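User: Please take a close look at the enclosed spaces in this structure and at what surrounds them. I would like one connected account that starts from the fold as a whole and ends with individual residues.

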Amino acid sequence: MRRNTGEGSILVTGAAGLIGNAVRGMLESEGRKVMPIDRIERTEEGMEIAVCDLGDVHRLHALADESRILGVVHCGAYSGPMVSRDNPHAMVQVNIVGTANILEVARIHGGARVVFCSSTSVYGSKFAAESVSEDVPLFPTSIYGATKVAGEQLVAGYANQYGLDGVSLRLSWVYGPRRATHCVVRTMIEDAQAGRPTRIPYGQGFHRQYIHVNDAARALIAALDAPNLPRRTYSVTGESYLTMDEIAETIRRILPNADIELGPGPDPNDGLQPRFDVSAVQRDLDFRPRITFEDGVRTYAAWLQTRATQGRRN
């Protein structure tokens with residue numbers, strides 16, 4: 001495995017968020033030095049963060065001057081099509097311009113591999129095939145998906161024009177501890193734990209491909225450390241392809257009092273996607289998820305119950 005060794009730090013953007021926090025924790029548990037950045041100065045657990053907005057280019061370069069950047073895991077972004085729906089310009093500024101700023105830091109300061117946290121939202125939903133590879137044309141159906149396509153193209157452009165070492169990982173729906181934005185898995189669990197019924201007006205027969213946050217973080221670190229990257233893009237999922245009915249049944253097995261009803265039709269804010277071919281990430285990064293969906297839900301439910309007892313949210 002490639003190790004970013006020597007004096008310096010791994011820059012992790014969005015370090016207070018769902019995936020960035022997990023990446024930071026895993027890297028630091030290996031004894032690796034991390035420069036975590038986000039818009040807040042510490043996590044709720046008290047872990048310090050270097051405050052930096054992705055739009056603040058002067059602050060970004062000042063931080064890069066403080067410590068040699070050995071690698072970048074770029075998780076900082078608006079994290080789904082449900083976010084900032086009434087302000088698409090803000091989505092563009094954070095997800096596209098912010099990514100360009102990070103790539104400029106890597107170009108100017110040199111030598112760092114950039115791992116871009118992309119999304120399977122880049123694919124859209126115009127596919128009849130049972131298994132879709134990374135090489136199909138992309139048809140994003142949301143501004144979020146379009147910003148991720150743009151981010152991937154920026155990574156590829158910087159690689160082709162400047163020789164920057166960059167790769168994009170297209171993560172499927174990420175669930176698990178610290179998820180703050182909309183998540184039907186969390187909603188079903190929290191409702192069951194609180195004795196509330198869950199009524200979702202859509203979802204019967206609608207497929208979702210989830211990946212636990214810890215597996216997502218492992219995949220990003222595998223891309224950071226890989227000695228060679230034959231591709232610029234990789235699809236990464238938890239390798240489950242479940243309908244929302246099956247997701248609800250999994251939660252009922254774990255929380256027998258769960259009272260969940262789904263309505264007909266797809267999620268109006270999320271396109272119906274095919275199963276994604278993950279053979280490339282298995283082959284090139286030797287990555288397979290370790291956490292089954294049922295095990296992930298079980299541990300997530302325990303984490304949420306602890307937080308509810310402590311009076312916290314998410």
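Analyst: What follows goes from the whole chain to the cavities, then to helices and single residues.

The model is a predicted one. The protein chain has 9 helices and 15 strands. For 314 residues, the radius of gyration of a compact globule would be near 20 Å, and the protein chain has 19 Å, which agrees. The C-alpha trace extends over about 55 × 45 × 40 Å along its principal axes. Of the 314 residues, 55% are buried. When contacts between residues at least 6 apart in sequence are taken, 78% of them join residues at least 24 apart.

Now the enclosed spaces. Searching the whole structure gives 3 cavities of 30 Å³ or more. The largest cavity has a volume of about 60 Å³, and the second largest has about 40 Å³.

The lining of the largest cavity consists of Thr 120, Ser 172, Trp 173, Phe 206, His 207, Arg 208, Gln 209, Asp 270, Gly 271, Gln 273 and Phe 276. By class, this lining has 3 nonpolar, 6 polar and 2 charged residues.

Around the second largest cavity are Tyr 175, Tyr 210, Ile 211, His 212, Asp 215, Gly 238, Ser 240, Ile 291, Thr 292 and Phe 293. Here the lining divides into 5 nonpolar, 4 polar and 1 charged residues. The element that gives the most to this lining is strand 11 (residues 210-212), with 3 residues.

Asp 215, one of the residues lining the second largest cavity, is also among the buried residues of helix 6. Helix 6 (residues 213-225) has 13 residues, which at 1.5 Å a residue should span 18 Å; the end C-alpha atoms are 18 Å apart, in agreement with that value. Since 12 of its 13 residues are buried, helix 6 is largely enclosed by the rest of the structure. The buried set is Val 213, Asp 215, Ala 216, Ala 217, Arg 218, Ala 219, Leu 220, Ile 221, Ala 222, Ala 223, Leu 224 and Asp 225. It includes the charged side chains of Asp 215, Arg 218 and Asp 225.

Helix 1 can be read in the same way. Helix 1 (residues 18-29) has 12 residues and reaches 17 Å from its first C-alpha to its last, close to the 16 Å expected at 1.5 Å a residue. With 9 of the 12 residues buried, helix 1 is likewise largely enclosed by the rest of the structure. Its buried residues are Leu 18, Ile 19, Gly 20, Asn 21, Ala 22, Val 23, Arg 24, Met 26 and Leu 27. After helix 1 comes Gly 31, with a positive phi near 80°.

Two further helices hold buried residues with partners elsewhere in the chain. Met 91 lies in helix 3 (residues 88-109) and counts as buried, at 2% relative accessibility. Its C-alpha is separated by 7.6 Å from that of Ile 143, although the two are 52 residues apart along the chain. Glu 152 belongs to helix 4 (residues 143-162). Glu 152 has a relative accessible area of 4%, so it is buried. Leaving out residues up to four places away in sequence, Glu 152 touches Phe 116, Ser 118, Val 122, Leu 138, Ser 168, Arg 170 and Thr 233.

Val 57, in helix 2 (residues 57-66), is partly exposed, with a relative accessible area of 30%. Val 57 and Lys 148 are 91 residues apart in sequence, and their C-alpha atoms are 20 Å apart in space.

Last, the backbone. Most residues other than glycine have a negative phi. Arg 178, not a glycine, has a positive phi of about 90°. Arg 178 sits in the loop between strand 8 (173-175) and helix 5 (184-194). At a relative accessible area of 17%, Arg 178 is buried, the cut-off being under 20%. Asp 286 also has a positive phi, near 50°, and is placed in the loop between helix 8 (279-285) and helix 9 (293-309). Asp 286 is exposed, with a relative accessible area of 68%.

Note on methods:
Residues numbered from 1 in each chain as written. Predicted model: local features only at pLDDT ≥ 70, side-chain atom pairs only at ≥ 80, totals over all residues. Heavy atoms only, no water. Helix = DSSP H or I, 4+ residues; strand = E, 2+ residues; numbered from the N terminus. Expected span 1.5 Å × (residues − 1). Buried < 20%, exposed > 50% of the residue type's maximum accessible area, 1.4 Å probe, protein only. 1 Å grid on protein atoms, 1.4 Å probe; cavity = no way out; pocket = protein on both sides within 12 Å on 5 of 7 lines; lining within 4 Å. Points joined across faces, edges and corners; volume = space filled by probe spheres on them. Rg over C-alpha atoms; globule rule 2.2 N^0.38 Å. Contact = heavy atoms within 4.5 Å.
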